[in-house]
Amino acid sequence: MLKGLGSPASPQAAANASVEGSSGPAACPPSSPSSLRSPESPAPRRGGVRASVPQKLAEALSSQYGLNVFVAGLLLLLAWAVHAAGVGKSDLLCFLTALMLLQLLWMLWYVGRSSAHRRLFRLKDTHAGAGWLRGSITLFAVITVILGCLKVGYFIGFSECLPATEGVFPVTHAVHTLLQVYFLWGHAKDIIQSFKTLERFGVIHSVFTNLLLWASGVLNESKHQLNEHKERLITLGFGNITTVLDDHTPQCNCTPPTLCTAISHGIYYLYPFNIEYQILASTMLYVLWKNIGRKVDSHQHQKMRFKSDGVVVGAALGLTALAATIGVMVVYLIHIGRSKTKSESALIMFYLYAITLLMLMGAAGLAGVRIYRMDEKSLDESKNPARKLDSDLLVGTASGSWLISWGSILAILWAENHPSYTWYNLPYSILVILEKYIQNLFIIESIHREPEKLSEDIRTLRVVTVCNGNTVPLASSYLKSGGVAEDVAPRGRDTPPAANGNVHVREGCGKEDEKREESSWGESPSPARLPCFLQGNAKRKVLRNIAAFLFLCNISLWIPPAFGCRPEYDNGLEEIVFGFEPWIIVVNLAMPFSIFYRMHAAASLFEVYCKI
């Protein structure tokens, strides 16, 4: 029984040791120096460090390989975008097709090997690959396949003057999409423990392949938006800005012309869904890469359940915002670019709508953060790659819209002439910065909160008094109830009492000990308490309403920029101050991150809603 004291013991082993040795003073044998060696001492850890060196090296090598693939692809994209000599679209499509085929081979090998060893026990990360996330990526994948079909139809219509790569690429992309969704449904939770070096290269190759496909989609969609933007600038009176269109229309006739025109317009309306699919797939694959060779504890993630009761207010306000968004976007797209008066009225309407919605979202986020601050609870700081990636993406992608907002603020302050609609742009830009700042605080604190049921069980266990050293009932009952086993450890009669978390075990059972215990708890400062109307289930309902409202509002704010409603392009003031090309570069770089932020925030808020 004393053999395992040199290494960290499991909670169950500690409980069993306590049961075996609870008959008397011999329950706690004398400790020798060798048996009391800390698990963090150099001797036991030396072998573990040596074993981890090859894996750390493989992680560094694979990440550098992925970055080199990504940089090469970005340079090809840039060369095609600026019409570099000798670099055409066919070269770019050949490179992307080769990357997809290589990923297809790796996924087929992995799926085949997993099927051959399907009876073996495999570790799973219960936090990764949630069902609702896989459902979302499936929906986006279906629309991506439809987009590929439209591209094939476009290629057939212009087959006389388009290279073969224009037809091969969408077919390969559709097959790649279908197999990747199947792969993510079956293996997104895997914690790979065999062929780890090879798997690291395969997964990181898949991550950066999807990122390059995302960048390609963003570039194609941005070119289309930029052409429309240049045409609208003339109606706003900015005639001194260059309006040379970047035309990539094939130099031949399409048959039938009406069908080809419809297909070309439909392709750009489906690009936002393709862009979201690629970035979601890359994030899920990145979590899979971070989980390779990871050691997980036995604690299982609490399954989240969707509950629709008690969120009438939040859902009603959110659906109202969604309906208003669709109406505003339709009116905006109809009026913008028709005339100077209609364009200015469309911009003022959009700014007023966005200011109102952002103020409501900021107030809701502040209320949620305030409830968390008043209801002090411990945070879950355990290692979780999926949760860490969520937090990093929230802050990282929010910087895109912050960049655009600060550019608009500086342009308004420095401009010599101020059209009437620009003064609505100032509060709008400030609120974009504040709202995302507040919302990030609310989401990050929500996903780091301990599960509600576990924290309530621990809080009810204030003081435990155990007579005659009989710690066995406490240990066994607490382990069975899902408590923290490390808080209850076997101790001898001479060991002083110790407080672990909220559990305080004492060996005396006199009245003086009880009074001393009560006085020590009474002297500790008490945290701020929630008001009476926010106690218990009422607090959860308020937080659910906030999460539901913010979820629908983020969906609402994703729709306008994704489908062409972009005042950052259309007001023209920033182009005058910063110059046309610098500001367009800023918007084209930052806008994809801003759009993705809204979708990622909506996904995180859905998880928060199910967790509350």
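Which helix holds Ser282? Ser282 is found in helix H7, which covers residues 257-290. Keep in mind that this is a predicted model. Is Ser282 buried or exposed? Its relative accessibility is 4%, so Ser282 counts as buried; the cut-off for buried is under 20%. Now look at what surrounds this serine. Setting aside residues up to four places away in sequence, Ser282 touches Val207, Asn210 and Leu211.

Step back to the whole chain. It has 18 helices and three strands. There are 612 residues, and 47% of them are buried. How do the contacts spread along the sequence? Take the contacts with a separation of 6 or more: 86% of them join residues 24 or more positions apart. The accessible surface comes to about 31100 Å². Carbon and sulfur atoms account for 64% of that surface.

Part of the surface can be picked out by name. Val71, Leu75, Leu78 and Val82 make a nonpolar surface patch of about 380 Å². Leu78 sits in helix H2, which covers residues 42-81.

Stay with helix H2 for two alanines. Ala72 is found in this helix, and so is Ala79. Ala72 is partly exposed, because its relative accessible area is 34% and partly exposed runs between 20% and 50%. Ala79 has 13% relative accessibility, so Ala79 counts as buried. Which residues does Ala79 contact, leaving aside its neighbours within four places in sequence? They are Ala84 and Val87. Distances between C-alpha atoms add to the picture. Ala72 and Leu212 are 140 residues apart along the chain, and their C-alpha atoms are separated by 9.7 Å. For Ala79 and Leu92, 13 residues apart along the chain, the separation is 9.1 Å.

Next come the charged pairs. Side chains of opposite charge can pair when their charged atoms come close. How many salt bridges does a search of the whole structure find? It finds four. Three of these are described here, one at a time.

Begin with Glu199 and Arg113. They form a salt bridge, and their closest N and O atoms are 2.6 Å apart. Glu199 lies in helix H6 (residues 196-235) and Arg113 in helix H3 (residues 89-116), so the pair ties together parts that are 86 residues apart in sequence. Glu199 and Arg113 are both buried.

Helix H6 appears again in another pair. Glu221 forms a salt bridge with Arg566, with 3.1 Å between the closest N and O atoms. Glu221 is in helix H6, while Arg566 is in the loop between H15 and H16, so this bridge ties together parts that are 345 residues apart in sequence. Again, both Glu221 and Arg566 are buried.

Now turn to Arg598 and Glu435. Their side chains meet in a salt bridge, at 3.0 Å from N to O. Arg598 belongs to helix H18 and Glu435 to helix H11, so the link ties together parts that are 163 residues apart in sequence. Arg598 is buried, and Glu435 is buried too.

Helix H11 is also the place of Ile433. At 15% relative accessibility, Ile433 counts as buried because the cut-off is under 20%. What lies around this isoleucine? Apart from its neighbours within four places in sequence, Ile433 is in contact with Trp402, Ser405, Trp406 and Ile409. The C-alpha atoms of Ile433 and Ala398 are separated by 8.5 Å, and these two residues are 35 apart along the chain.

Finally, consider the empty space inside. Rolling a probe the size of a water molecule over the atoms shows where empty space is left. How many cavities of 30 Å³ or more are counted? The count comes to seven. The largest cavity holds about 320 Å³ of space. It is lined by 25 residues, and the closest to its centre are Tyr428, Val432, Pro561, Glu568 and Ser594. Which elements give two or more residues to this lining? They are helix H9 (340-374), helix H10 (385-414), helix H11 (422-447), helix H15 (537-562), helix H16 (567-570) and helix H18 (580-611). Two of these helices have been met already: Glu435 lies in H11 and Arg598 in H18.

Technical notes. Residues numbered from 1 in each chain as written. Predicted model: local features only at pLDDT ≥ 70, side-chain atom pairs only at ≥ 80, totals over all residues. Heavy atoms only, no water. Helix = DSSP H or I, 4+ residues; strand = E, 2+ residues; numbered from the N terminus. Buried < 20%, exposed > 50% of the residue type's maximum accessible area, 1.4 Å probe, protein only. Contact = heavy atoms within 4.5 Å. Areas by Shrake-Rupley, 256 points an atom, 1.4 Å probe, with all protein chains shown as cover. Patch = residues over 30% accessible without salt bridge, like charges linked within 9 Å, V, L, I, M, F, W, Y side chains within 5 Å. 1 Å grid on protein atoms, 1.4 Å probe; cavity = no way out; pocket = protein on both sides within 12 Å on 5 of 7 lines; lining within 4 Å. Points joined across faces, edges and corners; volume = space filled by probe spheres on them.
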